[in-house]
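Subject: Structure handover

Hello,

Here is the structure I said I would pass on. My notes on the pockets, the ligand and one side chain follow it.

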Amino acid sequence: MTKEEIIAAFHFRHDCKEFNPDKKISKSDMTFILETARLSPSSFGFEPWRFIVLQQPQKRELLKATSWGAPKKLDTASHFVLGLTMKRPLLQWDSDYIHRFMRDVQGHTEEMCATRLGFYKVFQESDFDLLDDRKMFDWASKQSYIALGNMMTAAAIIGIDSCPIEGFKQQETEHVLQEQLGVDTSLYGLSYMVAFGYRVVEPKQKTRRPIEDVVTWIE
Ligand SMILES: Cc1cc2nc3c(=O)[nH]c(=O)nc-3n(C[C@H](O)[C@H](O)[C@H](O)COP(=O)(O)O)c2cc1C
């Protein structure tokens, strides 16, 4: 792709409020979008996320009561994704998840695991001061949002619209996820929702501050 084509995709992406309910994203395009989430970078490479693609209309309906920013998207989006983020019991340096992840996913020897865990412990204890439920979740959520950005950009590049959604009551919605969708909310929290599909109306002109107000060069 040329730089112009990539920038055109960034202009194409907008917060699509309503989708064409009759136009569905193909399985291979949705797989492509989700693959860009899977390949996203994360701190220490621990991939503190999980994505639920919520397609059953009855299940989508359950989210409406606690998600003021989502009803129209829940009704019309071709694909509707819940961005879950791991909580402290999974991500703390001495958790089973982290140890198994280093060994089984990253392929480290026990010796390497021990060395790396030493760094991770200091990072969590003092460098970033993360040993608190809220701080840990917010730190991990920052990483889940990288996956969100990648999914939306990837979608735009292939002509698919999206809308990120934080318009929900977090605790109440997580309760629905626990009771109705089988999510263990002691281990995962809901960071965001993101709807994908095809627009029904053209977006308004994008508004952004000029580049000088956003970037400082020190040369
Ligand atoms: C983290 C995040 C949460 C958002 N939550 C909502 C939402 O709940 N409902 C909605 O319609 N738009 C939501 N938006 C869309 C923003 O309002 C939109 O991205 C912003 O106004 C810029 O417009 P643009 O996306 O068209 O460039 C959200 C955007 C982000 C990044």
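A polar contact here is a pair of N or O atoms within 3.5 Å. Please keep in mind that this is a predicted model.

The ligand

By that cut-off, lysine 17 makes a polar contact with the ligand, because a polar side-chain atom of this lysine lies 2.7 Å from a ligand oxygen atom. Lysine 73 also has a polar side-chain atom placed against an oxygen of the ligand, at 2.8 Å. For aspartate 15, the distance from a polar side-chain atom to a ligand oxygen atom is 3.0 Å. On its own the ligand has 620 Å² of accessible area, and the protein covers 66% of that.

The shell around the ligand consists of 14 residues. Lys17, Lys73, Gly167, Lys206 and Arg208 are the closest of them. Sorted by class, the shell holds seven charged, four nonpolar and three polar residues. Strand β3, which runs over residues 161-165, gives the largest share of this shell, with three residues.

The largest pocket

The largest pocket holds about 430 Å³ of space. Its lining is made up of 17 residues, and those that lie nearest the centre are His14, Asp15, Pro203, Lys204 and Gln205. Nine residues of this lining are charged, four are polar and four are nonpolar.

The second largest pocket

For the second largest pocket, the volume is about 230 Å³. Among the residues that line it are Lys87, Arg88, Pro89, Asp133, Arg134 and Phe137. Gln170, Gln171, Glu174 and Ser186 also belong to the lining of the second largest pocket. Three helices each supply at least two residues of that lining: α5 (88-91), α8 (133-157) and α9 (170-180). In terms of class, five of the lining residues of this pocket are charged, three are polar and two are nonpolar.

Threonine 173

Helix α9 also contains threonine 173. Is this threonine buried or exposed? Threonine 173 has a relative accessible area of 0%, and buried means under 20%, so threonine 173 counts as buried. The side chain of threonine 173 is joined to that of threonine 66 by a polar contact of 2.9 Å.

When you open the model, the ligand contacts of lysine 17, lysine 73 and aspartate 15 can serve as a place to begin.

Regards

Key
Residues are numbered from 1 along each chain as its sequence is written. This is a predicted model: local features need pLDDT of at least 70, side-chain atom pairs count only at pLDDT 80 or more; totals for chains, interfaces and linings use all residues. Side-chain values use heavy atoms; hydrogens and water are left out. On a 1 Å grid over the protein atoms alone, a cavity is a set of points where a 1.4 Å probe fits but cannot get out, and a pocket is an open set with protein on both sides within 12 Å along at least five of seven lines; lining residues have an atom within 4 Å of a point. Grid points are joined across faces, edges and corners, and a volume is the space filled by probe spheres set on the points. Ala, Val, Leu, Ile, Met, Phe, Trp, Tyr, Cys and Pro count as nonpolar, Asp, Glu, Lys and Arg as charged, and the others, Gly among them, as polar. Helices (H or I, at least four residues) and strands (E, at least two) are DSSP runs, numbered from the N terminus. A residue is near a molecule or strand if one of its heavy atoms lies within 4 Å of it. A polar contact is a pair of N or O atoms within 3.5 Å; within protein, one must be able to donate a hydrogen and the other to accept it, and residues adjacent in sequence count only if both atoms are side-chain atoms. Accessible areas come from the Shrake-Rupley method with a 1.4 Å probe; for residues, only the protein chains shown count as cover. Buried means under 20% relative accessible area, exposed over 50%, partly exposed in between (1.4 Å probe, protein chains only).
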